[in-house]
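Dear colleague,

I am handing over the structure we spoke about, together with some notes on what was found in it. Please have it open beside this message while you read.

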Amino acid sequence: MPPNIIRATQVSWILTPTASRTIPSYFPFLYPQQRSASILSGLSDNPTAYHKKIRRGRGPSSGKGKTSGRGHKGQKQHGKVPRGFNGGQTPDEVVHGVRGFENQFSVEMKPLNLEKIQSWVDQGRLNPAKPITIRELAKSRCISEVKDGVKLLAKGSEKLTSPLHIIASRASASAIAAIEAAGGSVTTRYYTPASIERIIKGKTDPIHSLQSHIAMPVEESREQRDYPIRLPDPTGRKDIEYYRDPAHRGYLSHQLEEGQGPSLFFKTPGFGKLVARKTRSKAASAAENRIW
């Protein structure tokens, strides 16, 4: 600031009464923050952050005037048309039925991650020294509302420290590898929705059935008693092939020989009986074709 202006401001500051003195405007950092109330009336969002409402029936120049975008006359102009309305005749979904968009062979598995099982073990709600089945998982509230079975997933596998011996419906390859790396074991076996309900109620054995040969590495804790209803085994081809596969740790894998595949349709080379064709001589075949 020039020296003459500084001197002028000093003189005016001295001559001004003490009560009416104000801080000069060239010291803005000494002023308390002041705002006018009218700033609230000027607040607005970015121009591209909102869209104006379409005003219909306000003249033809707006593009939505006269008929307001509904066209001329008819049910679509005067009111709403229900979905699938076909002029009053019987709807197509009633005549032909609703088909597709639903896989009748799909199963609804309850996902169960390894981190949750380890958390339940740490809390003392699951005993790792005993086989963990659907019954133990349901009684400990680890799972609920099981429909077709339980599938083990490997989320949080780095937190798994206890050797677990789990029997579930299905298991991912990474979950099997993580459990076996911790010293545990995984066995997948077949369940139906009805059998799951009976297992939770204690009316069916959760492990053994007629075709199972499951040898648990730990001593079973459940009492040796006769259950009123036995556990079913799979009857469909897809289920049988899944639980015959050693890669899935299926409980029917004992039915396979070493090197044999789990498929029931495609035969593994080198397995099965080879039936030799019977060859007959021309004289024998000619004698059979004689009429007299």
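L40 is exposed, its relative accessible area being 64%, and in this model, which is predicted, the residue sits in the loop between α1 (3-15) and α2 (75-78). Together with I39 and L43, L40 makes a nonpolar surface patch of about 340 Å². For the surface of the chain as a whole, the exposed area comes to about 22000 Å², of which carbon and sulfur atoms supply 53%.

As for the overall layout, the chain has nine helices and five strands, and from the N terminus on the elements follow the order α-α-α-β-α-α-β-β-β-α-β-α-α-α. Of the 292 residues in the chain, 27% are buried. Among the contacts with a separation of 6 or more, 50% are accounted for by residues 24 or more positions apart.

Turning to the strands, there is an open sheet of three strands in the order β1-β2-β4, with parallel pairing. The edges of this sheet are β1 and β4 (170-171), each of which pairs on one side only. Between β2 and β4 the parallel pairing runs over two bridges, and K151 stands opposite R170 in β4.

A further parallel pairing joins strand β3 (residues 165-168) to β5 over four bridges, with I166 standing opposite V186 in β5. In a regular strand, side chains alternate between the two faces of the sheet. Strand β5 (residues 185-188) can be read in that light: S185 and T187 point one way, V186 and T188 point the other way, and all of them are buried.

Which salt bridges deserve a look? A search of the whole structure finds five salt bridges, and I describe some of them here. As general background, side chains of opposite charge can pair when their charged atoms come close.

One of the five joins E108 and K147, whose closest N and O atoms are 3.6 Å apart. E108 belongs to the loop between α3 (92-95) and β1 (109-113), while K147 belongs to the loop between α5 (134-139) and β2 (149-153), so this pair ties together parts of the chain that are 39 residues apart in sequence. Both partners are partly exposed, E108 with a relative accessible area of 48% and K147 with a relative accessible area of 46%.

Another salt bridge is the one in which the side chains of R249 and E180 meet, at 2.7 Å from N to O. Because R249 lies in the loop between α8 and α9 (282-288) and E180 in helix α6 (residues 173-181), the pair ties together parts that are 69 residues apart in sequence. R249 is partly exposed, with a relative accessible area of 29%, and E180 also counts as partly exposed, at 32% relative accessibility.

The salt bridge between R237 and E241, with closest N and O atoms 2.9 Å apart, lies within a helix: the two residues are four residues apart in helix α8, and are therefore separated by about one helical turn. What is the exposure of each partner, buried or partly exposed? R237 counts as partly exposed at 44% relative accessibility, whereas E241, at 18%, counts as buried.

Two serines in loops complete these notes. S209 lies in the loop between α7 (193-201) and α8 (237-244), and S209 is buried, with a relative accessible area of 14%. The side chains of S209 and D233 are joined by a polar contact of 2.6 Å. Leaving aside residues up to four places away in sequence, S209 touches R189, L231, D233 and Y251, so D233 is one of the residues that S209 touches as well as its partner in the polar contact.

S144, for its part, is found in the loop between α5 and β2, where at 45% relative accessibility it counts as partly exposed. The C-alpha atoms of S144 and K110 are separated by 8.4 Å, the two residues being 34 residues apart along the chain.

With best regards

Terms used
Residues are numbered from 1 along each chain as its sequence is written. This is a predicted model: local features need pLDDT of at least 70, side-chain atom pairs count only at pLDDT 80 or more; totals for chains, interfaces and linings use all residues. Side-chain values use heavy atoms; hydrogens and water are left out. Buried means under 20% relative accessible area, exposed over 50%, partly exposed in between (1.4 Å probe, protein chains only). Contact means heavy atoms within 4.5 Å. Accessible areas come from the Shrake-Rupley method with a 1.4 Å probe; for residues, only the protein chains shown count as cover. Patches are made of residues with over 30% relative accessible area and no salt bridge: like charges are joined within 9 Å, nonpolar side chains (Val, Leu, Ile, Met, Phe, Trp, Tyr) within 5 Å. A salt bridge is a side-chain nitrogen of Lys or Arg within 4 Å of a carboxyl oxygen of Asp or Glu. A polar contact is a pair of N or O atoms within 3.5 Å; within protein, one must be able to donate a hydrogen and the other to accept it, and residues adjacent in sequence count only if both atoms are side-chain atoms. Two strands pair if DSSP finds at least two bridges between them.
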